[in-house]
Amino acid sequence: MKRITGKTKDATLIEMTNPADAHVEDNNGLLSSSDRGTPLPGHQETDKLEQSKDSVYFQDGVRRIDFVLSYIDDKEGDKKAERRRAFEANLEKAGLMLETEDKLESDDRKTYYLKIHAPWEVLATYADVLKIKVPFKPSDIPKGRDAPLQWLTRPFRLPPEIMKPDPDYFTAPFDKSKADFFLIKDKETFFPPSTRNRIVYYILTRCPYYKEDRKEKDKTGIKRLLSNGTYTSAYPLHDCRYWNKAKEKQSESERYHLYKHWARFLCFYKEQPLNLIRKYYGEKIGIYFAWLGFYTEMLFFAAVMGVICFVYGLLSYDDNITSKEICNPNIGGKIVMCPLCDKKCTYWKLNSTCLSSWQAHLFDNEGTVFFAIFMGIWVTLFLEFWKRRQARLEYEWDLVDFEEEQQQLQIRPEFELKCTTKRRNRITQEMEPYLPFTSKCARFCVSGAVVLFWTCLIVACVMGVIAYRLAVYAAFASLMKDSPTNKIQLVGSLINPQLATSVTASCINFVIILILNFLYEYVAIWITDMEIPKTHLEYENKLTTKMFMFQFVNYYSSCFYVAFFKGKFVGYPGNYTYMFGSQLRNEECAPGGCLIELTTQLVIVMAGKQLVGNIQEALLPLLKNWWISRKGRSHPEGRYSRWEQDHDLQNFSQFGLFYEYLEMVIQFGFITLFVASFPLAPLLALFNNILEVRVDAWKFTTQFRRPVAAKARNIGAWKDILNVVAILSVVTNAFIMAFTSDMIPRLVYLYAYHPGEKATMEGYINNSLSVYEINELQNSTDIEEPPAWISSKITTCRYRDYRYPPGHERQYTHTMQFWHILAAKMAFIIIMEHVVFVVKFFVAWLIPDVPSEVKARIKRERYLVQEYLHTYEVEKLKLQLSQSFCVTSETTSLLPSSPDKHEVLS
């Protein structure tokens, strides 16, 4: 039995369809569009129906499937069936047309599919309610001139019909009473599929499933029916298979064009068809890909500068006097360093850090300062130019004034159900639900306490990793004291206790990050639901803020430790500082500084996150879909229906786009907050994002069900987060250059403490290391037995600090050079921050947020809307006046023809 229902004269059609003699008609008794030629015998029609299951139309071939609900009869079938009957009856009352596919025709013989079609009356009514903008006049604004040398960009362009799928129109909010004002050529295609599924979903989320005699407000919406298992899924349909065009001539096969020109990796160098993405997926997803593409384009300039900085470090190798002194056997080979830990560590020679000092020079050189300043300005340019790109998209995609008009219409159904208290809206003077202030405060306090607890949990985990670093360093030092790793080919000479500790701690920290992320996602969603935000926009902003705060601490805390705390609170031999009074001595930096360790930490966390993220995004959906659809692949192509194909795909959740943004914003933090330690970070991000754009496109087009189209004017709360990160990045990079890098001490030595008249870096290593008596150290700490090369002539060891030597009246206190360096560091921070901030604010002031051309177009469109509406109302009034004075019978007989005239105009 197949049921075809629709609100046409309050009739419900129950058909007994036999595959042998089915003859399908629409609600008006007309044959479907496939039968408009020569009538066919019944059995031939059946064959045609069986061959057209891969379709987005009802069985009549005319009414388009705008949404599909699936369900399975189970043990609780009576309760769920009752809910479904009430829900579907209310959908019919709302004007929707329904058609059910029996479970015997499904792939698993268990699943029913309810197909939903919205007729013109429903679409027109809700388009009026939602104030959806539609065209009323072709645009008369001339197109801009082609840029010079435009032929150079031809290889990167897509065909014009892909980039501009629709002509340019002036648009206005739809008004059902003025339907003939708009350019309606065909009612069936006037609203695109993305708008149709958005309207149907709006109805589904607000349609009750209680009977008329029982008013149970909580029994409302498809979301509750999905959560209690009444329906198993709800989704709009893709318009065709991604590798083939649709068979119906009226279908535009937009999914196929998106896959061919956008989702394949071989198209990585091509521009994105943003207008087609917006038309197919809606503005919210279109804005995301527009932002991701623009971010990737801007990364190119940052990556180029980072490579230049890195190349400068390579080319200035021969001028690196500091590393030469460390590696020189007569200088670094004769400097005996004090033990780096208690008990298990012993004395060591400075030239054992020769390789790491050369590595540090690649990133810790004069060019890094200019790169850090450049990145501070680059961030501002990125954000300002994005505002301009976003303003252009807002106009082109009819998003101007969207939030102001739609704020009330975006009220979440959950808010309406859970907030039983009502009050009068001061603006609309209508009663509306609201959350009392006391309840809101209580929920906010609980939410804040949960976020604070999880933040403290992250800090505790970071402290655990630090304790691991302190404890395991001694173990590595003991294992490697005879240098057994030197026997390892190629990499043996690179391994030392510092590197082994840093790499293993970074890997452990990365695993902890992934585990905490997995757990906190559920917590963040739970506490956001508990707060009961009023609108969808407010819900997304609250969730975004909570998730980013957590992710910020989770991903960046270890980098902050290495950059700003490691090696800063060590003490000196005989008076070392220990972690919270334990026996774990605080870590020291290598003689070349902690910058190379920060680079190691950044590379492991950043590259590891991108690798794991790409695997999760690409491989997991592919494997899941392969497993789910393994039965469908054995079906003939025509029998594997369009709704079953999409049912076998992964569901695109309401948080799908949220995680995409979060991934990119975390990456943005890595390439801005700590970029001074690793100038190649923008290059890694560029390569990742080139892949990310195509992976996301491939995933959306081939692995996920079609998302419900949603509107969004901008990237939401992410814009404010990016601004905060941009400002914070100036501060962090200034502190990294001052306190983590060894640049300031080198410059102070070069211009104030160098020996002789000529400024030179010779003698810097000896100047930067303080002296301590070995006898005092052996009496105060229990250290490993000294190595064989320690002779009785060696009475002192060196450590990294600026302190007076033993025997001095102020022995082991800071020298004046220490205070000079500290003053220079603070002065550098102040000067760098002020220079970058002044340039940032000047650039932000200089570049207007909205291009003048867009401002002119917005004013032109508003003027035309008013002018054309005025003309329309005047003409309509004239027609009404002329009809009111016609009293003759001939005029009366012509009156019924006026609706036909209206129909033609509409």
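**Exercise 1. Locate F268 in this predicted model and decide whether F268 is buried, partly exposed or exposed.**

Solution. Step one is the position: F268 lies in the loop that joins helix 8 (254-263) to helix 9 (274-281). Step two is the accessibility, for which the value is 41%. Step three applies the cut-offs: buried means under 20% and exposed means over 50%. F268 therefore counts as partly exposed, at 41% relative accessibility.

**Exercise 2. State which residues make a nonpolar surface patch of about 470 Å².**

Solution. The patch includes F268. Its other members are F156, F265, Y269 and L691. As a setting for this patch, the chain exposes about 44,400 Å², and carbon and sulfur atoms supply 60% of that area.

**Exercise 3. Test whether the length of helix 6 (residues 193-206) agrees with 1.5 Å a residue.**

Solution. Helix 6 has 14 residues. The expected span uses one less than the number of residues, and so comes to 20 Å for this helix. The C-alpha atoms at the two ends of helix 6 are 20 Å apart, which agrees with the expectation.

**Exercise 4. Determine how many of the 14 residues of helix 6 are buried.**

Solution. Inspection of helix 6 gives S194, T195, R196, N197, R198, I199 and V200 as buried, together with Y202, I203, L204 and T205. The count is eleven of 14, so that the helix is mostly covered under the cut-off of 20% for buried residues. For the chain as a whole, 50% of the 906 residues count as buried.

Conventions
Residues numbered from 1 in each chain as written. Predicted model: local features only at pLDDT ≥ 70, side-chain atom pairs only at ≥ 80, totals over all residues. Heavy atoms only, no water. Helix = DSSP H or I, 4+ residues; strand = E, 2+ residues; numbered from the N terminus. Buried < 20%, exposed > 50% of the residue type's maximum accessible area, 1.4 Å probe, protein only. Areas by Shrake-Rupley, 256 points an atom, 1.4 Å probe, with all protein chains shown as cover. Patch = residues over 30% accessible without salt bridge, like charges linked within 9 Å, V, L, I, M, F, W, Y side chains within 5 Å. Salt bridge = Lys/Arg side-chain N within 4 Å of Asp/Glu carboxyl O.
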